[in-house]
Amino acid sequence: MLLEKIKKKELTITILGMGYIGLPTGVAFARAGFTVYGFDVDRDVISTLKKGKIHIVEPDLQEAYEEVLKSGKLLPTDKLEKSDVYIIAVPTPFKHSEDQKIADLKYVESASKMVGEILEENNLVILESTVPPMTTRLMTDILEKISGISREKFMSVHCPERVLPGRILYELEHNDRIIGAERYEATEVAKAMYGAMVKKGKCFATDDITAEMCKLVENTFRDVNIAFANELSMICDSLNINVFELIKLANKHPRVNILTPGVGVGGHCLAVDPWFIVEKFPKEATIIREARLINDFKPRFVANKIDKVLEGNKKMIVGILGLAYKPDIDDLRESPAMEIAEILRDKGYKIIACEPNINANKINDFELYSLEEIIKKADYLILAQGHTEFKNKIVKLSEKNIYDCIGLLK
Ligand SMILES: NC(=O)c1ccc[n+]([C@@H]2O[C@H](COP(=O)([O-])OP(=O)(O)OC[C@H]3O[C@@H](n4cnc5c(N)ncnc54)[C@H](O)[C@@H]3O)[C@@H](O)[C@H]2O)c1
């Protein structure tokens with residue numbers, strides 16, 4: 001039945017969570033011709049969307065959103081609408097336990113309960129949030145319990161999101177998708193639905209646990225490799241040699257490809273997802289845990305280094321270039337640059353910052369300035385992030401007292 005509706009573009013989709021993932025996903029499915037309800041528990045988000053504005057910084061998204069809003073294909077709503085398909089794209093942060101970080105599944109659980117209240121037979125429920133293995137089954141358990149419908153009569157799928165902030169719309173339509181379910185029929189329906197939206201990528205079917213692990217393993221692979229680069233940067237500092245030159249030369253080897261070190265690892269994915277494996281396999285996941293600890297330590301290493309360079313002179317004004325966790329975005333979640341700012345502030349330095357992707361005078365305690373202003377105001381600069389604006393002014397920056405954490409300066 002759903003396959004027929006997909007073909008005729010009569011399928012209705014409700015997305016729970018209109019954030020960095022849910023909103024562009026809604027736009028992409030609406031552009032593909034489906035009717036999409038964009039639901040969020042945050043009324044401010046829905047009110048902004050209803051006014052025709054998006055609340056996140058993401059290239060091309062505003063224009064694409066306006067188009068689907070005008071065509072009536074994407075309908076922002078603060079009431080959960082009945083649909084053929086529900087996509088859950090809610091946050092999955094972690095909570096700190098004694099010596100471990102474990103997934104906080106409260107948003108997934110509450111969204112599953114909400115869907116359970118209105119679920120009907122033959123509906124398809126897709127979990128897009130990044131989750132520890134076995135969470136899709138937990139979602140199905142909740143749906144079954146709340147709706148009273150047995151799991152054979154509806155479909156549950158995990159379809160992890162693998163997009164890169166800054167390129168979300170493009171990657172949504174071009175990346176391959178992994179679609180995992182307990183039931184074969186569910187993967188077939190989800191494949192047809194994503195296939196109608198994805199322009200270039202292919203959809204690969206598997207079971208739900210493999211799909212969950214696939215997303216975690218992708219990010220863990222990156223995290224472990226960045227940890228290697230960051231560990232090298234700390235060793236090179238002790239040896240008083242340039243890590244960026246070392247890596248450039250090592251990478252001349254045909255089978256070596258070392259990544260670039262930085263201020264640490266931030267964001268909602270790489271800094272979080274590996275813990276979801278460690279949580280389930282604390283004995284086995286030793287490299288994964290160690291990599292996380294190395295990347296988590298890097299901001300403190302940088303802050304201590306700056307303190308040493310400045311010889312503890314607290315009269316110095318330190319300017320941080322880039323507070324977001326990666327280039328050309330406004331996302332501050334788990335941002336290592338932010339952590340450096342906080343550590344140095346706690347040591348007694350006056351910290352100011354330049355974050356061209358955020359339109360505000362202040363973030364937390366830190367006053368924000370334009371690049372021109374911060375160059376004049378700060379006694380010492382930390383180049384923490386490779387934003388385009390900084391790259392464009394690299395000659396000017398190299399004339400300043402500056403600590404380059406990312407290897408942009410010659
Ligand atoms: N941001 C990324 O680049 C990225 C990439 C891949 C995967 N993910 C994963 O996607 C998931 C969502 O991440 P995000 O970045 O979009 O988060 P986000 O914080 O930007 O958005 C989540 C939204 O969900 C809403 N919400 C919470 N509970 C809800 C409920 N019960 N019903 C409806 N809305 C609810 C929140 O109000 C918020 O607006 C996470 O699991 C994340 O790990 C994110």
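Colleague: What makes the pair formed by an oxygen atom of the ligand and the side chain of His268 a polar contact?

Modeller: In this predicted model, an N or O atom in the side chain of His268 is 3.2 Å from an oxygen atom of the ligand. A polar contact is a pair of N or O atoms within 3.5 Å, so this pair with His268 qualifies.

Colleague: Which atoms of Tyr20 and Ser110 lie at such distances from the ligand?

Modeller: For Tyr20, a backbone N or O atom lies 3.1 Å from an oxygen atom of the ligand. For Ser110, an N or O atom in the side chain is 3.4 Å from a nitrogen atom of the ligand. The limit is 3.5 Å, and therefore both pairs count as polar contacts. Of the 830 Å² that the ligand exposes when taken alone, the protein buries 91%.

Colleague: How many residues surround the ligand, and where do they come from?

Modeller: The ligand is surrounded by 25 residues, with Tyr20, Ile21, Asp40, Thr92 and Thr130 the closest. Domain 1 (2-209) and domain 2 (239-404) each supply at least three residues of the shell. Helix 5 (residues 106-118) gives the largest share, 4 residues.

Colleague: Why is Asp404, in strand 16 (residues 402-404), called buried?

Modeller: The relative accessible area of Asp404 is 16%. Buried means under 20%, so Asp404 is buried.

Colleague: Which backbone nitrogens does the side chain of Asp404 reach at 3.0 Å?

Modeller: One is the backbone nitrogen of Ile406, at 3.0 Å. Another is that of Gly407, which lies 3.0 Å from a polar atom of the Asp404 side chain. Beyond its neighbours within four places in sequence, Asp404 is in contact with Phe244, Leu383 and Leu409.

Methods: Residues numbered from 1 in each chain as written. Predicted model: local features only at pLDDT ≥ 70, side-chain atom pairs only at ≥ 80, totals over all residues. Heavy atoms only, no water. Near = heavy atom within 4 Å. Polar contact = N/O pair within 3.5 Å; in protein donor to acceptor, adjacent residues only side chain to side chain. Areas by Shrake-Rupley, 256 points an atom, 1.4 Å probe, with all protein chains shown as cover. Helix = DSSP H or I, 4+ residues; strand = E, 2+ residues; numbered from the N terminus. Domains from an automatic or database assignment. Buried < 20%, exposed > 50% of the residue type's maximum accessible area, 1.4 Å probe, protein only. Contact = heavy atoms within 4.5 Å.
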